[in-house]
Amino acid sequence: ALAESLIRYLAVELAPRGIRANVVSAGALATDALRALIPDIDDRMEALAAANPSGRNVDFDDVCAAVEFLASPEAAMNQGRVLMIDGRSTLR
């Protein structure tokens, strides 16, 4: 909620200057840091993939594609948005 409030504020302040402000909120990514913190992360990631309507977990390419889109001219009218990149795992 804090990130969403901040990004909305920034969007209102920066839009008149031609600056877009958005947030990409990604689902769990199996990073080395996460593996160090959670020993059974691979098992948990398998369970998340099985429960995800998309049938897989989010990966780094998904996140990069979202950032590239938001930085593109095609996303010029996207302001103050939180773009969820999680395969809609939050639907369930």
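These are my notebook entries on helix 4 and the salt bridges beside it in a predicted model.

Entry 1, conventions. I number residues from 1 along each chain as its sequence is written, and my side-chain values use heavy atoms, with hydrogens and water left out. Because the model is predicted, local features need pLDDT of at least 70 and side-chain atom pairs count only at pLDDT 80 or more, whereas totals for chains, interfaces and linings use all residues.

Entry 2, helix 4. I looked up helix 4, residues 60-71 (helices are DSSP runs of H or I, at least four residues, and strands are runs of E, at least two, numbered from the N terminus), and found that its buried residues are Val63, Ala66 and Leu70 (buried means under 20% relative accessible area, exposed over 50%, partly exposed in between, with a 1.4 Å probe and protein chains only). Seen down the axis, these buried residues fall within an arc of 60 degrees, taken from the directions to the C-beta atoms, so they line one face of the helix. On the other side I noted Asp61, Glu68 and Ala71 as exposed.

Entry 3, salt bridges. I counted a salt bridge where a side-chain nitrogen of Lys or Arg lies within 4 Å of a carboxyl oxygen of Asp or Glu, which gave five. Arg56 pairs with Asp59, the closest N and O atoms being 3.8 Å apart, and with Asp62 at 2.8 Å, N to O, so that Arg56, Asp59 and Asp62 are linked in a network. I recorded Asp59 as partly exposed at 32% relative accessibility and Arg56 likewise at 40%.
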